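I opened a fresh notebook page for this one. Here is what I looked up, entry by entry.

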Amino acid sequence: MTVIDLGRPVQGDVVELILDDHRRFEALLRDLRDSSSDRDAVRRAFAALHVAHAEAEEKYVYPKLRNKGAVGAHEAEHGEEEHAEGNEALLAVLELKGTDTQAFDDAVEELAKVVNHHLTEEELTILNPAREEVGPLVRAELGEQFATERNAQIDADCGTLTNVRRIVAAARKEGLLDDEEDEG
């Protein structure tokens, strides 16, 4: 079985840690598109990183940035909605049996579309204000909290099909996923 390094940061500027994960997402998406890669291992790694990253952001980063006035409620809530949409697209990839089908390629394309949109929007509307409005000590403290939660989630095997199903069902119940209603 292919082992994929997701990194194990323990500290750092939260903005840089999040950007490091964003670059990992982009690399993993490239590997998911590559028919010569171990796509099953890549999708498991992507699932673990996606869930861990989103959970850590929602637990620590978004609330702290709201508290510090760096982002408004709308940006934080929109980020959570986009995490839910990413998890929903991820679930479609995880539920497929094989990785060498057109259905898999189509599901990966949708996942890439949703995740890339979120990365771009988060970098513009959340990370830029965090750089400008939050001091380096707070970003470092937040980085440690983010990294600790992220690593704990990965250690708890957060990217399993069962857990992603649970997360998507909870997001749907909370109204984070609107049936067939796409907001640009």
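I began with helix α5 and listed its buried residues (buried means under 20% relative accessible area, exposed over 50%, partly exposed in between, with a 1.4 Å probe and protein chains only). They are Val138, Arg139, Leu142, Gly143, Phe146, Ala147, Glu149, Arg150, Asn151, Gln153 and Ile154. These buried residues pack against α1 (14-33), α2 (39-67) and α4 (102-133). Contact here means heavy atoms within 4.5 Å.

A note on method: this is a predicted model, where local features need pLDDT of at least 70 and side-chain atom pairs count only at pLDDT 80 or more, while totals for chains, interfaces and linings use all residues. Residues are numbered from 1 along each chain as its sequence is written, and side-chain values use heavy atoms, leaving out hydrogens and water.

Helices (H or I, at least four residues) are DSSP runs, numbered from the N terminus. I checked the length of α5 (residues 136-155): at 1.5 Å a residue, its 20 residues should span 28 Å, and its end C-alpha atoms are 28 Å apart, which agrees. The expected span is 1.5 Å times one less than the number of residues.

Next I turned to His83, in helix α3 (residues 73-95). Is His83 buried or exposed? His83 is buried, with a relative accessible area of 2%. Leaving aside neighbours within four places in sequence, His83 is in contact with residues including His50, Glu58 and His118.

Last, I looked at the largest nonpolar core (buried Ala, Val, Leu, Ile, Met, Phe, Trp, Tyr and Cys residues joined through side-chain atoms within 4.5 Å). Of its 35 residues, Phe46, Leu90 and Leu111 touch the most other members.

Key:
Helix = DSSP H or I, 4+ residues; strand = E, 2+ residues; numbered from the N terminus.
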